[in-house]
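Reader: I would like to learn how to read a two-chain model. Where do we start?

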Amino acid sequence: MNLQDKLKEAIRHRSLAMTLEEAEKLAGYVGRMPTPLELHLFDTMWSEHCSYKSSRSVLKLLPTHASSVVVGPGEDAGIVKFTDHDGFSWDLVVAHESHNHPSQVLPVEGAATGIGGIVRDVYCMGARVTGSLDLLRFGDPLGSSGEKTRAICRGVVEGIWKYGNALGVPNLGGDTRFHDGYDDNCLVNVVSLGFVRHDRIVHSFVPIEAHQEQYVLILVGKPTDDTGFGGATFASADLEDESEKGAVQVADPFLKRVLSEANLNVLDYLFDKEIKFGFKDLGAGGIACVTSELAAHGNLGIEVDLDLVPVSIPDLPSEVIACAETQERYGLAVPQRVAAEVLEIYNEKFEMPRLFPGAGATVIGTFTPEPFYRVLHCGREVANTPVEYITEGIIYDRDWEPSPAPVIEPDSRPCDPQEDLKKMLLSVDGASRSPIWTYYDSEVQGSTHFRPGEADACITVPIPGCRAGLSVSGDGNPWIGELDPFLAGAHAVGEAVRNVVATGAIPIAATDCLNYGNPEKADVFWQFRQGVEGIAAACRELGLEGEDPLPVVSGNVSFYNQSSQGGAIPPSPIVAVFGRIDDFSKSTDISLKTPGNLIILVGNRMDELGGSLYYRTCIDHRGGKVPEFRGKLEREMALFVLDCCESGMSKAVHDISDGGMILAAAEMAIASRPDARRGIIFETGLPDPVVFYSETPGYLIEMSQKSWDAIENKPEFLSVAGRVTDEFTIASPLWRMDLMEILEDHADRLDRIIWREEVTE
Amino acid sequence: MKSVPLVAVIQFPGSNCEYETARVIRDSGMNDRIYRWNQWRELKDSRPDAYVLPGGFSFQDRIRAGAVAAKERIMDMVFSEAADGKPVLGICNGAQILVESGMVPGWERGRIESALAANHISGRSGYLSRWIFLRASDRAQQICPWLGLAGNRVIPLPIAHAEGRFVFSEENHARAESSAALKYCDDKGIESSDYPVNPNGSFLNLAAVMNDRGNVLAMMPHPERAYWLWQLPPWIPGEWGDKRGQLLGSGSYAAAEGPGSLFFKSLADFFRGEH
């Protein structure tokens, strides 16, 4: 067999995702037929998941620079300045990932590993992880695949609580949406955040000191097995069927918790002794990727001995030991002279081998001045390649072709506010998310100020003794996505910004996860480009601090979200925005407070109801003109809302999104105290769908008449929409809806559909 | 006793509430120190005045929640100190450990007389996080060093657990009432066995159980998550909601104490000899 045939055979036999051209490129690099380990290593490094080979040229459009950015995209997580306290600068560390395919195949394990993986990215920058968010997209739970969708939803929620609650990282919300475009391919996007002292940021490469002194590579954590072998490749192809369960990893929050405590101890020890080190989590590509990347990014070579790797299954082939994605492991590059002390902390002080069979820390490699990546196993050399090729990556320029959706407005738009509001409150998208939230621990660590649902964004006060609060929200609307992929990106940023601003916090950073179908298809690649352009446009407008844009500091691209039967998912750019409020005690929730106060509408209503909850739920229509993104106006409105909060004028703030002004009003009433129920009476009762249901971006603010009168030169985007009442109703001079009638249904709706399966249509 | 009392927080592998628990002890005017599970020598040498077993998932909830931690060597020390009358508090997983070690209700030395079973809620299983309301029993108000300040007040606290239902064997049902320390009630203080007032089906609506002497308290809700007023949800009704509403927007809101502070301030008072 000639080389080309051997490569073809290897690709087929090993189920590699790489093309023949890529395999030939690899063979050229090593000057022979690559070893199995080399094939799998490069298959992972060149996978879409790791290399961003299709997306990289487009991602350049995103604004990633701002004076607050400490670490932009490129490392495991992004870092921005947060606040100064007690003589130290504190930075915010954020990461955003998807775990879509694994969650579709094995929902519990897939979702759990999603959290397990994303928190490692934040931990390995030296941070304490103080929160996570889940952005979930499921199929239609009442549709033709409803039974399967409901089971996946239950499994994903179970995976999230079983992992996150045990790990002790508070859940800070996120969102859950249902759309039949996800029937065959759910989305599980996860965001993790934490804080690190600026002088204690850790990097994921062997430090420059390793050129002067012998450094070794310590592997710590769970013993290696065969789970997750080929995981990155699995995430980078169409989901053909569900037989690929072996590529899903198995997560262990208990071990992670102990490991995190031990890691903090080790990092403190190294910092206190002023020893330079490198630290990186094991994710895609396992040992092979972590060892080669730690070395390559530090311009060194490394020799790894697989015989030293603790394994829980005997006789694994070298490529499996090297590339399996066994969870709960880290790689640490330290000087040889302190290796024994580091091992002692993990193995004796924290007793890892006693707590979990086979777990612990071991030296498995030695950094070398010769820039080669060498791996030994059973006395044989199983890989030997120049390190520079490993991280070099590849780029493709994909073709794209516009395929805009036609704008089709409904023939008629009947409007019956009482009935429509009821329908929307009881729809799967309008129902309360509390059946999901009550599975999650949102309060562990004792820093949570606003839990999910209490305000537009969750707020935590993460630095003990410091009043600076972190506000965070994640958003993305598939109903906009299917109608206009550019606006889906822009509004994902816009809504997340509005949610953070509504609490009184100023946005300081964004992350994104770009979920699309097959990028090799020109129409899908166009959707992707549009989404990135939309995000970029919105971020350029919505940097509210000085002249800088809102920087995108971390993110992820997830392609191939489609099944062999179905088409691509709706374009799904999902954005998380992080904000800071200097005094958290000034933050605003959504609950109505004082009867007689005014309800101020920020943002005039426009006739742009395409993709709205009203169209979908009340008149069964899925087309139409999507709300425009008016960047300058969004910015002015946001600055106004922030001013109101800072001055203490706003008593409650809620952004207007799904269901328009009327649903926002109802949610503010439902959030009021059970022993002091409040409602709203609108000034107008005329049944105009544009007024009540349009999802034109905006806010509702509760403020006193006195505060309203004190606003000089009122901007034209302000108007009085109504007043707070001491009745639990949403009313107008013409009609009145009693919220008590639907309160329990609204709260239980998802529980009854998803968990109890009592409602099936 | 030391001039400033020292309260030990025991960290087991899998604990995850140790830092915030230590923080509220410190804020209550006492000294705090976290002892890792294998630091039993250090614990013995420093002779703390009180012990707290924090929440989490010690030893991965292997066998049953709390069962493995209860057998750790460091618990021998806690056990003998409790027998000498030192205050011991177990929160959530810490409560599970106290039950599994037989320290509560503690009628017969070394016997496990109660259990924390899986939540029993119609149509729902697994974890439940929500805010509930509690009241201290008359006896607990008198004898428990953690409840001296509780009085008859309705106390809102969050729960976050999958196994929080106190159960007793049938021959002990009559006796269980004497061990009642905290019971679930509604926001007006009225007890009910219906969900969600009783959020897990606990026997006698028990949220916390104590030993006969009252110095050992095993509670499922988390007082350290309601230590400050700002930790309370905006919708909390009643006395604490009113207090929150009054202070909101004022300079004193951020430092105001919440209902969870009663437990730790009670202990500090106890050491000052005020109860």
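Author: With contacts. Two residues are in contact if their C-beta atoms, placed from the backbone, lie within 7 Å. In chain B, take the contacts between residues at least 6 apart in sequence: 78% of them join residues at least 24 apart. For chain A, the corresponding share is 82%. A word on the source: this is a predicted model, where local features need pLDDT of at least 70, side-chain atom pairs count only at pLDDT 80 or more, and totals for chains, interfaces and linings use all residues. Residues are numbered from 1 along each chain as its sequence is written, while chains are lettered from A and ligands numbered from 1 in the order in which they are written.

Reader: How is compactness judged, and why does chain B count as compact as a globular protein of its length?

Author: The radius of gyration is taken over C-alpha atoms, and the globule rule is 2.2 Å times the number of residues to the power 0.38. Chain B has a radius of gyration of 17 Å, close to the 19 Å that the rule gives for 275 residues, so it is as compact as a globular protein of that length. Its C-alpha atoms fill a box of roughly 50 × 45 × 35 Å along the principal axes. Chain A comes out at 26 Å; the rule gives 27 Å for 761 residues, which is close, so chain A too is as compact as a globular protein of that length. The box for chain A is roughly 85 × 60 × 45 Å, again along the principal axes.

Reader: How many helices and strands does each chain have?

Author: Helices (H or I, at least four residues) and strands (E, at least two) are DSSP runs, numbered from the N terminus. Chain A has 26 helices and 26 strands. Chain B has 8 helices and 11 strands.

Reader: What share of each chain is buried?

Author: A residue is buried if 20 or more other C-beta atoms lie within 10 Å of its own, exposed if 12 or fewer, and partly exposed in between; the C-beta atoms are placed from the backbone. Buried residues make up 62% of chain A. In chain B, 57% count as buried.

Reader: Which residues of H4(B) are buried?

Author: Helix H4 (residues 93–100) of chain B has 8 of its 8 residues buried, so it is largely enclosed by the rest of the structure. They run from B:Asn93, B:Gly94, B:Ala95 and B:Gln96 to B:Ile97, B:Leu98, B:Val99 and B:Glu100. These residues pack against strands E3 (50–53), E4 (88–91), E5 (114–117) and E11 (216–219) of chain B. Just after H4(B), B:Gly102 takes a positive phi of about 80°.

Reader: Which strands pair with E6(A)?

Author: Two strands pair if DSSP finds at least two bridges between them. Strand E3 (residues 88–98) of chain A runs antiparallel to E6(A), joined by 9 bridges. In that pairing, A:Ser98 has A:Asn189 as its bridge partner. Strand E4 (residues 128–138) of chain A also pairs with E6(A) in the antiparallel sense, over 9 bridges. There, A:Asp134 is matched with A:Val190. Of the 11 residues of E6(A) (residues 187–197), 10 are buried, so this strand is largely enclosed by the rest of the structure.

Reader: What is the order of the open sheet of 6 strands in chain A?

Author: The order is E14-E15-E16-E19-E17-E18, with mixed pairing. Strands E14 (448–450) and E18 (552–558) of chain A stand at the edges with a single partner strand each, so one side of each is left without a neighbour in the sheet. Neighbouring strands are turned by 20° against each other on average, direction ignored. Axes are lines fitted to C-alpha atoms, for helices over the stretch in contact, and angles run from 0 to 180 degrees between N-to-C directions. Helix H19 (residues 485–502) of chain A packs on the sheet, touching E16 (469–475), E17 and E19, and its direction makes about 25° with that of E19(A). Strands E17 (residues 506–515) and E19 (residues 572–581) of chain A run antiparallel, joined by 9 bridges. A:Ala510 stands opposite A:Val577 in E19(A).

Reader: How many residues does each chain bring to the contact between them?

Author: Chain B brings 33 residues and chain A brings 36. On the chain B side, E6(B) gives the most, with 3 residues. Nonpolar means Ala, Val, Leu, Ile, Met, Phe, Trp, Tyr, Cys and Pro; charged means Asp, Glu, Lys and Arg; the others, Gly among them, are polar. The chain B side divides into 14 nonpolar, 12 polar and 7 charged residues.

Reader: What does A:Leu355 touch?

Author: Beyond its neighbours within four places in sequence, A:Leu355 is in contact with A:Val258 and B:Pro13. A:Leu355 lies in helix H14 (residues 352–355) of chain A. It has 18 C-beta neighbours inside 10 Å, so it counts as partly exposed.
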